[in-house]
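Q: Please take a close look at one part of this model. I would like to follow the salt bridges and the sheets whose strands they involve.

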Amino acid sequence: MPRIFDSEIYISPADEWIFRGNKIDKEEILQYFRNNLHGNEKGVYIENRFGELSEHGYVRIDGFPCHVLQVELTDSGMVFQTDDGRSYPFGEFEIYETSDGGLLGLRSLEEKIKYRFTWNAARELADHLEEEDGITYLEWKEVKMEIPKYTGEVLVPLPTDYT
């Protein structure tokens, strides 16, 4: 059974990772945290493993912990490159439109960890987006599908208990 606790890490609305009031800006640390970020019914946590021991440090999120850096269009599909060091093919990664007209991504099996599209990634996707009567559509390879509006919350609070 993992040790479960408040990591004291906060992700601000500006997507900054903050520990006890200090911004975390070492890229290798952020990469480690993003690679080990998980969600469950209680919230979002960073999983650390030490041999057979593990711990789950929960984080409070008011922004986006991860970002889509690039959208790659290939003959076989659309692939989203992210700053957690992963590549997600379309189908395993869902795109939503935010209330302010931005783009948000979610891994299909992970509803609490949200990805903000960087300007470059959004620009790469823009050639395949079309707006009609206030609805945004993704058009690609003879397919036209509506980009749904995201109605959930971006913020993820800390759990109220750690048992």
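The answer below starts with a sheet and then turns to the charged pairs.

A: This is a predicted model. Start with the open sheet that contains S7. It has 6 strands in the order S9-S8-S7-S12-S11-S10. The pairing is mixed. Strand S9 (87-89) and strand S10 (93-97) stand at the edges. Each has a single partner strand, so one side of each is left without a neighbour in the sheet. From one strand to the next, the twist averages 40°.

Within this sheet, look at S7 and S8. Strand S7 covers residues 66-73 and strand S8 covers residues 78-82. They pair in the antiparallel sense, over 5 bridges. One register point is Val68, whose bridge partner in S8 is Thr82. A helix packs on this sheet: H2, residues 119-126. Helix H2 touches S7, S8, S10, strand S11 (103-107) and strand S12 (110-117). The direction of H2 makes about 30° with that of S7.

Now the other open sheet. Its 6 strands run in the order S3-S2-S1-S6-S5-S4, again with mixed pairing. Strand S3 (22-23) and strand S4 (37-39) are the edge strands. Each of them pairs on one side only. Strand S5 (residues 44-50) and strand S6 (residues 53-61) pair in the antiparallel sense, over 7 bridges. Here Tyr45 has Tyr58 in S6 as its bridge partner. Helix H1, residues 27-35, lies across strand S1 (3-11), strand S2 (17-19), S4 and S5. H1 runs at about 100° to S5.

Next, the charged pairs. Side chains of opposite charge can pair when their charged atoms come close. The count in this model comes to 13 salt bridges.

Take Asp15 and Arg116. They form a salt bridge, with the closest N and O atoms 2.7 Å apart. Asp15 sits in the loop between S1 and S2, while Arg116 is in strand S12. The pair links distant parts of the chain, 101 residues apart. What is the burial state of each partner? Asp15 has a relative accessible area of 12%, so Asp15 is buried, the cut-off being under 20%. Arg116, at 31% relative accessibility, counts as partly exposed.

A second pair involves the edge strand S10. The side chains of Lys149 and Glu97 meet in a salt bridge, at 3.3 Å from N to O. Lys149 lies in the segment after strand S15 (143-146) and Glu97 lies in strand S10, so the pair ties together parts that are 52 residues apart in sequence. Lys149 counts as partly exposed, at 44% relative accessibility. Glu97 is buried, with a relative accessible area of 10%.

A third pair is Lys144 with Glu132. Their closest N and O atoms are 2.6 Å apart. Lys144 is in strand S15 and Glu132 is in strand S13 (residues 129-132), so this salt bridge ties together parts that are 12 residues apart in sequence. Lys144 is partly exposed, with a relative accessible area of 41%. Glu132 also counts as partly exposed, at 29% relative accessibility.

Finally, a network. Glu27, Arg34 and Asp83 are linked by salt bridges. Glu27 and Arg34 fall within helix H1, residues 27-35.

Definitions and conventions
Residues are numbered from 1 along each chain as its sequence is written. This is a predicted model: local features need pLDDT of at least 70, side-chain atom pairs count only at pLDDT 80 or more; totals for chains, interfaces and linings use all residues. Side-chain values use heavy atoms; hydrogens and water are left out. Two strands pair if DSSP finds at least two bridges between them. Helices (H or I, at least four residues) and strands (E, at least two) are DSSP runs, numbered from the N terminus. Axes are lines fitted to C-alpha atoms, for helices over the stretch in contact, and angles run from 0 to 180 degrees between N-to-C directions. Contact means heavy atoms within 4.5 Å. A salt bridge is a side-chain nitrogen of Lys or Arg within 4 Å of a carboxyl oxygen of Asp or Glu. Buried means under 20% relative accessible area, exposed over 50%, partly exposed in between (1.4 Å probe, protein chains only).
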